[in-house]
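Colleague: Could you take a close look at one part of this model for me, the place where the two domains meet? I would love a connected account of what happens there.

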Amino acid sequence: MNVNAPGYRPHPGLIEDRARFTQLELWNCRAKHWGTDQIDPLDALEPGVALRMNGFQIETVSTLGEMTSNGKLVQVAGLIHRGDRIVQIASSRFSQVEQRFTAAHELGHAILHPNGALLHRDRPADTTGWQKDPTEREADFFAACFLMPGRQVHRWFRKFFLTDRFVLNDDTAFALCTKPLDSVLQRIRSHRDLSLTLARTISYNGQQFKSLSELFRVSPTAMACRLEELGLAFDPRASHRA
Ligand SMILES: [Zn+2]
């Protein structure tokens, strides 16, 4: 991969590979980083540890000031200083899961865009919708792949929802909401409504569990986007079109 070529853009498959390689490096060195090799694979998905492994210092600070994004003034969520090899994450206005996603986004820049601007500031990554800049979309996608590895999400999704492709029908609607399909469809009207419900739910078919977003320590929105990317939640509008 020639990351120095002008106009070079990493392919999504390659971004996923780079995230997987970073996870593998963390996993192989888990005894060094966590003092034991008996850790849960999900606990090894730590962007701060991966940043340090890539030669960056990571600092949490109360605030990083404001920036303009899409014509609005927003709080800076994180920044990467490539010259000094420092990543800073703002804590006072952001939840733990937002801070963790921002750290994974900066890890994406460190790995995918080593020759970007010396100082780069970021708005909160997964709460403000579509990002115009391709480097921002790439760093967001890297963060999603790193924090929610496809294989692990598939594994837990199958365990909770007993399928690899969730389609709303009479049986699944009742298992999910203990209500008939017609009444569930009043509430779950779009693909995003369904994926958000699956990201947040803590029981299915009488079985209780930690929600997928809590298990992977990401926001429900970030998990919902990942479920859609992985094709796990099927759009209810497509299956119930007249
Ligand atoms: Zn960024």
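Modeller: Happily! Domain 1 and domain 2 bury about 1,100 Å² between them, where buried area is the accessible area (1.4 Å probe) that two parts lose on being put together, summed over both. Carbon and sulfur atoms carry 51% of that buried area. This is a predicted model, in which local features need pLDDT of at least 70 and side-chain atom pairs count only at pLDDT 80 or more, while totals for chains, interfaces and linings use all residues. Residues are numbered from 1 along each chain as its sequence is written, and side-chain values use heavy atoms, with hydrogens and water left out.

The domain assignment, which is automatic or from a database, places domain 1 at 12-147 and domain 2 at 150-239. Their C-alpha centres lie 26 Å apart. To the contact (heavy atoms within 4.5 Å), domain 1 gives 14 residues and domain 2 gives 11.

Between the domains there are 2 salt bridges, each a side-chain nitrogen of Lys or Arg within 4 Å of a carboxyl oxygen of Asp or Glu. Arg 217 and Glu 46 meet through their side chains in a salt bridge, at 2.7 Å from N to O.

On the side of domain 1 that touches domain 2, helices H4 (96-112) and H5 (134-147) each supply at least two residues; helices here are DSSP runs (H or I, at least four residues), numbered from the N terminus. H5 gives the largest share of that side, 4 residues.
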